[in-house]
Amino acid sequence: MGFLMGAYGKLMTGKLVRDIQFQMIGIQSRLRQVTREIGDKTKMYEAQERNMKSQMQAQMQAAIFGYMGMNPGMQVGMMNPMMMGATGMDMNQYAMFAQMVQMQYSQAQSMWQNMFEMQKQADLQALKDLEDSLQIENDNLKSRLQIAQQEYEAYKQEEKADAKSIVPEYTAQA
């Protein structure tokens with residue numbers, strides 16, 4: 001009877017091991033897909049953020065050059081200080097304007113950076129939660145697989161040990 005239980009147990013735990021391995025393959029495939037999707041979205045957000053910073057920098061420079069364009073004497077003085085087209089007052093106004101534009105640029109950059117960070121967190125949170133869930137499920141399946149493999153080996157040993165009791169013993173009595 002132990003032989004049959006061992007053989008049947010080995011058969012069923014072997015099936016369980018294969019089922020768990022199949023489940024793990026699916027989970028690991030989905031986990032890789034989610035991880036790749038997180039990486040792609042992160043790269044997309046970083047590219048958008050760099051693009052926005054570049055546009056804001058260009059707008060700041062355009063504002064400063066636009067200010068210089070409104071004051072022709074300022075242009076001459078900035079290009080060639082020896083020509084003295086710009087007065088000290090013009091230079092002070094330019095410095096104040098440039099400082100104001102730089103401050104607005106810093107504030108806008110901070111605001112946009114916070115907005116990008118919040119958007120990225122909101123968009124990626126569901127994917128990160130799914131990734132964590134899949135990782136936990138994968139770890140759980142690994143534990144179950146180890147237990148099933150140990151049971152398989154135990155039933156295999158039981159089958160082997162009890163197979164000896166089925167074999168008739170021949171004695172050499174004459």
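This passage describes the fold, the nonpolar cores, the cavity and several individual residues of one protein chain.

The structure is a predicted model, in which local features need pLDDT of at least 70 and side-chain atom pairs count only at pLDDT 80 or more, while totals for chains, interfaces and linings use all residues. Residues are numbered from 1 along each chain as its sequence is written, and side-chain values use heavy atoms, with hydrogens and water left out.

The chain contains 3 helices and 0 strands, where helices (H or I, at least four residues) and strands (E, at least two) are DSSP runs numbered from the N terminus. Along the sequence these elements follow the pattern α-α-α. Of the 174 residues in the chain, 22% are buried, the term buried standing for under 20% relative accessible area, exposed for over 50%, and partly exposed for values in between (1.4 Å probe, protein chains only). The chain exposes about 12600 Å², of which carbon and sulfur atoms supply 59%; accessible areas come from the Shrake-Rupley method with a 1.4 Å probe, and for residues only the protein chains shown count as cover. When contacts between residues at least 6 apart in sequence are considered, 84% join residues at least 24 apart, a contact being defined by heavy atoms within 4.5 Å.

The largest nonpolar core comprises 13 residues, and those with the most contacts inside it are Ile 20, Met 24, Val 34, Leu 127, Leu 134, Leu 141 and Leu 145. Helices α1 (2–70) and α3 each supply at least two residues of this core, and its largest share, 7 residues, comes from α1. A nonpolar core is here a set of buried Ala, Val, Leu, Ile, Met, Phe, Trp, Tyr and Cys residues joined through side-chain atoms within 4.5 Å. When residues up to four places away in sequence are not counted, Leu 127 touches Val 34, Glu 37, Ile 38 and Lys 41. Apart from the largest core lies another, of 8 residues, among them Ile 64, Tyr 67, Val 101 and Tyr 105.

Asn 138 is found in helix α3, and it counts as buried because its relative accessibility is 4%. Not counting residues up to four places away in sequence, Asn 138 touches Met 24, Ile 27 and Gln 28; of these, Met 24 is listed among the residues with the most contacts inside the largest core. Phe 97, also found in helix α3, is in contact with Ala 63, Ile 64 and Tyr 67 once its neighbours within four places in sequence are left aside. The C-alpha atoms of Phe 97 and Tyr 67 are 8.1 Å apart in space, although the two residues are 30 residues apart in sequence.

A search of the whole structure finds 1 cavity of 30 Å³ or more, and about 30 Å³ of space lies in the largest cavity. On a 1 Å grid over the protein atoms alone, a cavity is a set of points where a 1.4 Å probe fits but cannot get out, and lining residues have an atom within 4 Å of a point; grid points are joined across faces, edges and corners, and a volume is the space filled by probe spheres set on the points. The largest cavity is lined by Glu 49, Met 52, Lys 53, Met 56, Gln 109, Trp 112, Gln 113 and Phe 116, and the elements that give two or more residues to this lining are α1 and α3. The lining divides into 4 nonpolar, 2 polar and 2 charged residues, with Ala, Val, Leu, Ile, Met, Phe, Trp, Tyr, Cys and Pro counted as nonpolar, Asp, Glu, Lys and Arg as charged, and the others, Gly among them, as polar.

Within this lining, Glu 49 belongs to helix α1 and is buried, because its relative accessible area is 16%. Glu 49 touches Gln 113 and Phe 116, residues up to four places away in sequence not being counted, and the C-alpha atoms of Glu 49 and Phe 116 are separated by 6.9 Å, with their positions 67 residues apart along the chain. Ser 106, in helix α3 (residues 88–166), counts as partly exposed because its relative accessibility is 35%. Ser 106 and the lining residue Met 56 are 50 residues apart in sequence and 9.6 Å apart in space, C-alpha to C-alpha.

Ser 165 is likewise found in helix α3, but is exposed, with a relative accessible area of 60%. The C-alpha atoms of Ser 165 and Gly 2 are separated by 9.3 Å, the two being 163 residues apart along the chain.

Definitions and conventions:
1 Å grid on protein atoms, 1.4 Å probe; cavity = no way out; pocket = protein on both sides within 12 Å on 5 of 7 lines; lining within 4 Å.
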